[in-house]
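Subject: Structure for your review

Dear colleague,

Please find below the structure that I am handing over to you, together with its sequence. My notes on what was found in it follow directly after.

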Amino acid sequence: MTATGISVSLKFRFIGVIMLTVVISALLVTHFTTNALEKDVTELLENQQFSAASYIASEIETKVAQRINVLELTAKSAAEYFSSSAQLTAFLGARIALPAFFPGGLVVLDQQGMPITESPFIGIGGVSLRDRDYFQTVMATGKTAIGKPRVSQFTHNPIISFASPVRGYSGEILGVIVGYVPLSDQGLFGHIEQGIGGKSSTIIVADPRNNLIVSSNNPAYILQSFSILGSASHAITDYVGSTTTVTPEGTAMLVSTQRIPQANWVVQVMLPAADVFLPIQHNAYVIVFV
């Protein structure tokens, strides 16, 4: 090979080494920049998503507390009319604000769980409700209880039951007043259906005691076991805050959890990790090719 050929070959090799160095440097910069972006964006989204979960939980907590307060005040006043089914019916019918809090209606039960009156007519008739968890809890503890979410035996709609004791002058429990709230009621779960957590977010309200999803912006989840969420179900009972988990289908999710103490429920907002890191991946390509 001539001296000129050797010189040209060395130049090409030198240029190749420089280009390889530039590419390797760009890849290293991209790697470290992407890691830094992932950390920053993840922390930002965790905080935002936990704020959304906390807001939803606070709203539902307030609405649950309102319904408990209204039902307890109604139970206190109802004791005066407890000896007459007709008077109880008239009393409940005159409380025009009650349907706004309990759109599924109300029923008053005696000490054996037999209905005394319904407002409006639900169709319970002479069916005993003594086996219902909320009736048994109220009779055992003397305190207001929220029942297990279920499909109503009478209306065939998914409902939540609020139950309070009706006490006599001596403090004895005369019976139980029960108010029903359909799970479709936007007055209680409006922010869930509005998808306040974001378009790609999944939002659920879960009842850990009964292993049930109470409400969700995905209707297919309602009244399902929250074990369908995979390891996210552990976050429901064991963690408050934001973490990353994997669904049974293998999808990585950013999950934020907050509690609703009045009802012993929790709110979860979930976002696919792929959506979290998509902007980062886009920026990484820009870094490499700019």
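The secondary structure of the protein chain comes to 7 helices and 11 strands. Please bear in mind that this is a predicted model. Of the 290 residues in the chain, 41% count as buried. Among the contacts with a separation of 6 or more, 50% are made by residues 24 or more positions apart.

The open sheet

Five strands form an open sheet in the order β8-β7-β11-β10-β9, and their pairing is antiparallel. Strands β8 (212–216) and β9 (241–246) stand at the edges with a single partner strand each, so one side of each is left without a neighbour in the sheet. From one strand to the next, the twist averages 30 degrees.

Strand β7 deserves a closer look. Its residues, 202–207, are joined to β8 by 4 bridges, and the two strands run antiparallel. Within this pairing, Ile204 stands opposite Ser216, and Asp207 has Leu212 as its bridge partner. With β11 (residues 265–272), β7 pairs over 5 bridges, again in the antiparallel sense; here Ala206 has Val266 as its bridge partner.

How many of the residues of β7 are buried? The count is 6 of 6, so to speak of β7 as mostly covered is apt. Thr202, Ile204 and Ala206 point one way from the strand, while Ile203, Val205 and Asp207 point the other way, and all of them are buried. The hairpin of β7 and β8 has 4 residues between the strands, and Asn211 in this hairpin takes a positive phi near 55 degrees.

Helix α4 and its surroundings

In helix α4 (133–141), the residues Tyr134, Phe135 and Val138 are buried. These residues cover an arc of only 100 degrees around the axis, which puts them on the same side of α4. This fits the general geometry: an α-helix has 3.6 residues a turn, so residues three or four places apart point the same way. The buried residues of α4 pack against four strands, namely β1 (106–110), β3 (145–146), β5 and β6 (173–182). After α4 comes Gly142, with a positive phi near 75 degrees.

Charged residues

Side chains of opposite charge can pair when their charged atoms come close. The structure holds 4 salt bridges, and I describe some of them here.

One of them is formed by the side chains of Arg67 and Asp185, at 3.8 Å from N to O. Arg67 lies in helix α1 and Asp185 in the loop between β6 and α5 (186–193), so the pair ties together parts that are 118 residues apart in sequence. Both Arg67 and Asp185 are buried.

Another joins the side chains of Arg132 and Asp131, at 3.0 Å from N to O. Arg132 is buried, with a relative accessible area of 10%.

Asp207, already mentioned as part of β7, forms a salt bridge with Arg209 at 3.5 Å, N to O. Asp207 is buried, with a relative accessible area of 0%, whereas Arg209 is partly exposed at 49%.

Which side chain of opposite charge is nearest to Lys63? Glu59 is, at 4.3 Å, and Lys63 has no salt bridge although this lysine is buried. Because a salt bridge requires the nitrogen and the carboxyl oxygen to be within 4 Å, the pair does not qualify. Lys63 is found in helix α1 (residues 3–78). Leaving aside residues up to four places away in sequence, Lys63 touches Gln186, Gly187 and Leu188.

Backbone details in the loops

Three loop positions should be noted when you inspect the backbone.

- The peptide bond from Ser119 to Pro120 is cis, with omega near -10 degrees. Pro120 is found in the loop between β2 (115–119) and α4.
- His156 is not a glycine, yet its phi is positive, at about 65 degrees. This histidine is placed in the loop between β4 (150–151) and β5 (158–167), and it is exposed, with a relative accessible area of 58%.
- Leu223 likewise has a positive phi of about 65 degrees without being a glycine. Its place is the loop between β8 and α6 (232–238).

With kind regards

Key:
Residues are numbered from 1 along each chain as its sequence is written. This is a predicted model: local features need pLDDT of at least 70, side-chain atom pairs count only at pLDDT 80 or more; totals for chains, interfaces and linings use all residues. Side-chain values use heavy atoms; hydrogens and water are left out. Buried means under 20% relative accessible area, exposed over 50%, partly exposed in between (1.4 Å probe, protein chains only). Lys and Arg count as positive and Asp and Glu as negative; His and the chain ends are not counted. Contact means heavy atoms within 4.5 Å. Two strands pair if DSSP finds at least two bridges between them. Axes are lines fitted to C-alpha atoms, for helices over the stretch in contact, and angles run from 0 to 180 degrees between N-to-C directions. The arc is that of the directions from the helix axis to the C-beta atoms.
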